[in-house]
Amino acid sequence: MASDHHGFETKKALTTLLSQKGYEIDDIGPGEYNKEDDYPDFIIPAIKRVQSNSDSTGIIMCKNGVGVSMLANKYKGIRAALCFHKKQAETARTDDNANVLALPTDFLSDEDIWDIVDAFLKTDFSNFDRHKRRLEKVSLVEEENFK
């Protein structure tokens, strides 16, 4: 889990809540609020952690979620989904096998954020042939672009 200053308080609250629910959390940062911080300083190490462990799931956040999701999706094997709704988080997992959730903290209530995170973490990939076929096509593009 990682954020910038806009997601700092949400990250702290989610880290506590998820730990209480039995999830193992690696809080990559920031460790303290600094309105001058830059999200790549925290998102890059978090994404590399997910990239190196196929069983892990990342949660990243910033003001609108766009910057962190764009950065995350620059990494091979990362499928970051910017989610505004619980159902969107569910289908990001079932259909697209997303392994990183990007949250727009300034556009969601705390309750909506929890519902989205909970849905994302509890939902598995469908393994339907059509979804696997589509992800294979995405992987081909990824292989071509990461030569």
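The following legends describe close-up views of a predicted model.

**View 1. The four-stranded sheet.** The strands of this open sheet follow the order β1-β2-β4-β3, with parallel pairing. At its edges stand β1 (2–3) and β3 (80–82), each of which pairs on one side only. Helix α1 packs on the sheet and touches β1, β2 and β4. The direction of α1 makes about 155° with that of β2.

**View 2. Strand β2 and its partners.** β2 runs parallel to β1, and two bridges join them. Across this pairing, alanine 2 stands opposite isoleucine 60, and serine 3 has methionine 61 as its bridge partner. β2 also pairs with β4 in the parallel sense, over five bridges. Here isoleucine 60 stands opposite alanine 102 of β4. Isoleucine 60 of β2 therefore appears in two pairings, facing alanine 2 and alanine 102, and it is buried, as it falls under 20% relative accessible area. Five of the five residues of β2 are buried. Gly58, Ile60 and Cys62 point one way from the strand, whereas Ile59 and Met61 point the other way.

**View 3. The largest nonpolar core.** This core has 19 residues. Those with the most contacts inside it are Leu14, Ile59, Cys83, Leu101, Leu103, Ile116 and Val117. At least two residues of the core come from each of α1 (8–20), β2 (58–62), α4 (86–94), β4 (100–104) and α5 (110–122). The greatest contribution is that of α5, with six residues. Apart from this core lies another, of 16 residues, which includes Ile43, Ala46, Cys62 and Ala72. In soluble globular proteins, nonpolar side chains tend to be buried together.

**View 4. The surroundings of cysteine 83.** Cysteine 83 is among the residues with the most contacts inside the largest nonpolar core. Neighbours within four places in sequence being left aside, cysteine 83 is in contact with Gln88, Ala89, Ala92, Leu101, Ala102, Leu103, Pro104, Leu108 and Ile116. Of these contacts, Leu101, Leu103 and Ile116 are also named among the residues with the most contacts inside that core.

**View 5. Lysine 11 in helix α1.** Lysine 11 belongs to helix α1. Its relative accessible area is 0%, so lysine 11 counts as buried, the limit being under 20%. Apart from neighbours within four places in sequence, the contacts of lysine 11 are Met1, Ala2, Ser3, Asp27, Gly29, Pro30 and Met61.

**View 6. The cis peptide bond before proline 30.** The peptide bond from glycine 29 to proline 30 is cis, with omega near 5°. Most peptide bonds are trans. Proline 30 lies in the loop between α1 and α2 (40–52). Both Gly29 and Pro30 are in contact with lysine 11.

**View 7. Two asparagines with positive phi.** Most residues other than glycine have a negative phi. Asparagine 97, although not a glycine, has a positive phi of about 50°. Asparagine 97 is located in the loop between α4 and β4. With 22% relative accessibility, asparagine 97 is partly exposed, because this value is not under the 20% that counts as buried and not over the 50% that counts as exposed. Asparagine 127 likewise has a positive phi, near 65°. The loop between α5 and α6 (129–145) holds asparagine 127. The relative accessible area of asparagine 127 is 47%, so this residue too is partly exposed.

**View 8. Aspartate 106 in its loop.** Aspartate 106 is found in the loop between β4 and α5. It is partly exposed, with a relative accessible area of 41%. Not counting residues up to four places away in sequence, aspartate 106 touches His6 and Lys63. Aspartate 106 and arginine 49 are 57 residues apart along the chain, and their C-alpha atoms are separated by 25 Å.

**View 9. Arginine 93 over the ring of phenylalanine 120.** Arginine 93 lies over the face of phenylalanine 120, at 5.2 Å from the ring centre. Residue 93 falls within α4 (86–94), and residue 120 within α5 (110–122).

Technical notes
Residues numbered from 1 in each chain as written. Predicted model: local features only at pLDDT ≥ 70, side-chain atom pairs only at ≥ 80, totals over all residues. Heavy atoms only, no water. Core = buried A, V, L, I, M, F, W, Y, C linked by side-chain atoms within 4.5 Å. Buried < 20%, exposed > 50% of the residue type's maximum accessible area, 1.4 Å probe, protein only. Contact = heavy atoms within 4.5 Å. Pairing = 2+ DSSP bridges. Axes fitted to C-alpha atoms, helices over the stretch in contact; angles between N-to-C directions. Lys NZ or Arg CZ within 6 Å of the ring centre and 35° of its normal.
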